Amino acid sequence: MKISVHAVGRMKAGPERELADRYFERFAKSGPTVGLEFAGITEIAEGRAQSAAERQRDEGSRLQAQLQPGTALILLDERGKSLSSQDFANRIGQLRDGGRKALVLAIGGADGHDPSLRDQADLMLSFGALTWPHQLVRVMLGEQLYRVATILSGHPYHRS
């Protein structure tokens with residue numbers, strides 16, 4: 001299953017980008033052994049509309065345009081479920097084993113995701129009740145994808 005990340009906002013050079021890149025590289029190397037191929041990160045600029053709802057619609061339509069039929073969608077959203085790393089790995093494994101060929105994990109803009117995207121998502125995932133800067137969310141997502149690959153392969157990195 002090809003896994004890609006869709007992110008609203010551009011990540012500038014710096015320690016956060018280096019750390020995120022490190023985890024995404026680890027995932028890219030370890031994922032294929034368990035049937036997960038990292039297809040990269042797509043960054044889009046934040047919407048420029050006046051209202052939050054219009055920005056959500058604009059950003060959501062740009063993500064929607066990239067989704068191929070049958071692609072699984074996981075939204076990172078504060079209203080989402082907080083899963084353990086093991087449960088997250090199990091969900092991704094179920095999507096893979098269920099025949100899904102692609103998965104997009106989407107990090108929304110400052111106003112969050114458009115309601116139409118939330119309605120079609122296979123999962124809305126939260127990294128807790130705290131609000132995180134988008135740069136750190138990208139680091140945490142990269143680390144969790146690497147952790148998913150290690151959990152599914154039985155590697156001791158997770159140590160559960």
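Good morning. I begin with a pairing in the sheet: His6 has Ala106 as its bridge partner in β4. The next example from β4 is Ile107, the bridge partner of Ala7. Please bear in mind throughout that this is a predicted model.

These two pairs belong to the junction of β1 with strand β4, residues 102-107, where 6 bridges join the strands and the two run parallel. How much of β4 is buried? The count is 5 of its 6 residues, so β4 is largely enclosed by the rest of the structure. Strand β1, residues 2-8, is mostly covered as well, with 6 of its 7 residues buried.

Let me now place these strands in the whole sheet. Which order do the strands take? The sheet is open and has 5 strands, arranged β2-β1-β4-β3-β5, with parallel pairing. At the edges stand β2 and β5, the latter being residues 123-125, and each of them pairs on one side only. From one strand to the next, the twist averages 30°. As a general remark, side chains in a regular strand alternate between the two faces of the sheet.

On the other side of β4 we come to strand β3, residues 72-81, which is joined to β4 by 5 bridges and runs parallel with it. Two positions illustrate this pairing. Ile74 has Leu105 of β4 as its bridge partner, and Leu76 stands opposite Ile107 in β4. Ile107 has therefore appeared twice in this talk, as it is also the bridge partner of Ala7. 

I turn to the edge strand β2 and to one residue in it, Gly40, which lies within residues 37-44. Is Gly40 buried or exposed? Its relative accessible area is 16%, and because the cut-off for buried is under 20%, Gly40 counts as buried. Beyond its neighbours within four places in sequence, Gly40 is in contact with Ile3, Ser4 and Val5. Of these, Ser4 has Gly40 as its bridge partner in β2. The pairing of β1 with β2 is parallel and extends over 7 bridges. To pass from β1 to β2, the chain goes through helix α1, residues 15-30, in a right-handed β-α-β crossover. Helix α1 lies across both β1 and β2, and runs at about 150° to β2. For a sense of distance, Gly40 and Gly108 are 68 residues apart in sequence, while their C-alpha atoms are 16 Å apart in space.

A second β-α-β unit, formed by β3, α3 and β4, is right-handed. Helix α3 packs on the sheet, where it touches β1, β3, β4 and β5, and its direction makes about 155° with that of β3.

Finally, I consider how α3 meets another helix. Helix α3, residues 85-97, packs with helix α5, residues 134-153, at an angle of about 75°, and their axes are 9 Å apart. The two helices are therefore roughly perpendicular to each other. Which residues of α3 take part in this contact? They are Ser85, Gln86, Phe88, Ala89, Ile92, Gly93 and Arg96, and they meet Gln144, Leu145, Arg147, Val148, Ile151 and Leu152 in α5. By class, this contact of α3 with α5 comprises 7 nonpolar, 4 polar and 2 charged residues.

Thank you for your attention.

Note on methods
Residues numbered from 1 in each chain as written. Predicted model: local features only at pLDDT ≥ 70, side-chain atom pairs only at ≥ 80, totals over all residues. Heavy atoms only, no water. Helix = DSSP H or I, 4+ residues; strand = E, 2+ residues; numbered from the N terminus. Buried < 20%, exposed > 50% of the residue type's maximum accessible area, 1.4 Å probe, protein only. Contact = heavy atoms within 4.5 Å. Axes fitted to C-alpha atoms, helices over the stretch in contact; angles between N-to-C directions. Parallel < 35°, antiparallel > 145°, perpendicular 65-115°, else oblique. Nonpolar A, V, L, I, M, F, W, Y, C, P; charged D, E, K, R; others polar. Pairing = 2+ DSSP bridges. Right-handed = clockwise from strand over helix to strand, strands pointing away.
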